[in-house]
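I opened the file to look up strands, helices and their packing. My entries follow in the order I made them.

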Amino acid sequence: MLGPCGDDRPRRIRRGAALTLFLAGVLAAGAATGTWDDAGDAAESVAHGRPAGDTAVDRPAVERAARAAAQAAGDGKSGAQAAADVVSRSGDRWSAVYTAGEFEDFQAQLDGTYVGVGLWVREQGGGRITVSRVRPDGPAARSGIAVGDRLDAVDGRPARGRPVTDVVARLRGDGPEGSGAPGTSVRLDLGRGARHWSVTLRRTRLHTRNVTVDRPYGADGPTRIKITAFAKGTGAAVRRAVRAADRRGGLLLDLRGNTGGLVTEAVATASVFLDGGLVATYDVDGSQRALYAERAGDTRIPLVVLVDGGTMSAAELLSGALQDRGRAVVVGSPTFGKGSVQMPSELPDGSVAELTVGHYRTPAGRTVDGAGITPDLLVEDHAEKRARTVLSGLGTGA
């Protein structure tokens, strides 16, 4: 899943230093961090901009990856691939290696822009890669690709059993200079039930719109705030939406399918609804840290949070915090269960190794990784309808 929007200059990170804290999910070609979008997922979540050295990383693992990358580069081979081979043997499903270009794309995505086809993918049982989200106005949507479709191959290379990061890199077109530029093409082999087909899409520059606000149930109904990912500015956008909302109808905060993003933005969103206090704790190499909300949030407007199996990483951090603090009723199905913390370190050839260094917990001490968030009201079908019923019983928030 990035550099400043509109800035194509390479952004270097300090070699060997951990500069960003990730609660990573999986992003895929076409979009971005739990589910990968072609902007770069997995990186699903991040406490962006932490000072270098604030968090320790697994130095031996970094050093092994660095040695492999340096040796491969010296032999005229791919340093990123050599480092990825080392990392893949660690048994950590969330660790990954990015080329310098991939990591820059990921950072740019979190800043709100990316080149792709508007497609998010995730790994399912048996190593299958499936579509988890489709951008409505992107090339993938215009070709008829839908959520749940299987992605069997990218440019003739099988996707099944491959790391999601590899599949995402192919979707983005990482490779020779210019291969992933706007206007370049990518061929996808897809499946839906017994149907199999192929389609060629052209990559384009897309701008993320991670917060949408509407009132689908009329003037007397709730305001719905949908957050698809926690990119830069998400917390401020939610705060503006809450200030403008009609308090009488309450709020539906829709985190279904949210692939994660910047941890700082998840905390900023929690601050909209809390008057300070704990949002989450996390451990890094045995050292305990804490994330706190800012004071003076709106603690009165009725709030229901919608979640599902596609709610990941930073979105789980937020929903767990609002649930534990008694600020919201959580409705839907159990969330994904991505609660590990990654830190990226630059390798000698410019590639970036993102390694797991710890896990986060909700304010009540619940572990999210592998467990997810269990809603207060479990609903598989018609979750939004049930959420509205719950919200109607929470008062007016006057």
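Before counting pairs I fixed the rule: two strands pair if DSSP finds at least two bridges between them. I also noted that this is a predicted model.

**Strands 14 and 15**

I looked up strand 14 (residues 223–227) and strand 15 (residues 251–254) with that rule in hand. Four bridges join them, and the two strands run parallel. I then asked which residue of strand 15 is the bridge partner of K226. I found D254.

**The sheet around them**

I traced the sheet outward. It is an open sheet of six strands, in the order 13-14-15-19-20-23, and its pairing is mixed. At the edges I found strand 13 (211–214) and strand 23 (377–378), each paired on one side only. Next I checked what lies across this sheet. Helix 9 (residues 383–392) lies across strand 14, strand 15, strand 19 (303–307), strand 20 (329–332) and strand 23. I read its direction as about 165 degrees to strand 19.

**Helices 6 and 7**

I turned to a helix pair. Helix 6 (residues 234–244) packs on helix 7 (residues 263–273) at an angle of about 20 degrees, and their axes are 7 Å apart. Angles under 35 degrees count as roughly parallel, so helix 6 is roughly parallel to helix 7. From helix 6, I listed T234, G235, V238, R239 and V242 in the contact. Helix 7 contributes E265, A268, T269, S271, V272 and F273. I noted the crossing of the two helices as right-handed.

**Helix 5**

Why is helix 5 (residues 164–172) described as largely enclosed by the rest of the structure? I counted: eight of its nine residues are buried, so the description follows. My list of buried residues reads V164, T165, V167, V168, A169, R170, L171 and R172. Both arginines on that list, R170 and R172, are buried. After the helix comes G173, with a positive phi near 90 degrees.

**Strand 17 and its partners**

I looked up strand 17 (residues 278–284) last among the elements. Five of its seven residues are buried, so strand 17 too is largely enclosed by the rest of the structure. Strand 17 pairs with strand 18 (residues 287–292) in the antiparallel sense, over six bridges. There I found V284 bridged to S287. Strand 17 also runs antiparallel to strand 22 (residues 352–361), joined by two bridges. In strand 22, R361 stands opposite T281.

**Whole chain**

I closed with totals. The protein chain has nine helices and 23 strands. Of its 398 residues, 56% are buried. The chain exposes about 15,900 Å², and carbon and sulfur atoms supply 48% of that area.

Methods
Residues numbered from 1 in each chain as written. Predicted model: local features only at pLDDT ≥ 70, side-chain atom pairs only at ≥ 80, totals over all residues. Heavy atoms only, no water. Contact = heavy atoms within 4.5 Å. Axes fitted to C-alpha atoms, helices over the stretch in contact; angles between N-to-C directions. Buried < 20%, exposed > 50% of the residue type's maximum accessible area, 1.4 Å probe, protein only. Areas by Shrake-Rupley, 256 points an atom, 1.4 Å probe, with all protein chains shown as cover. Parallel < 35°, antiparallel > 145°, perpendicular 65-115°, else oblique. Left-handed = near helix turned anticlockwise from the far one by under 90°.
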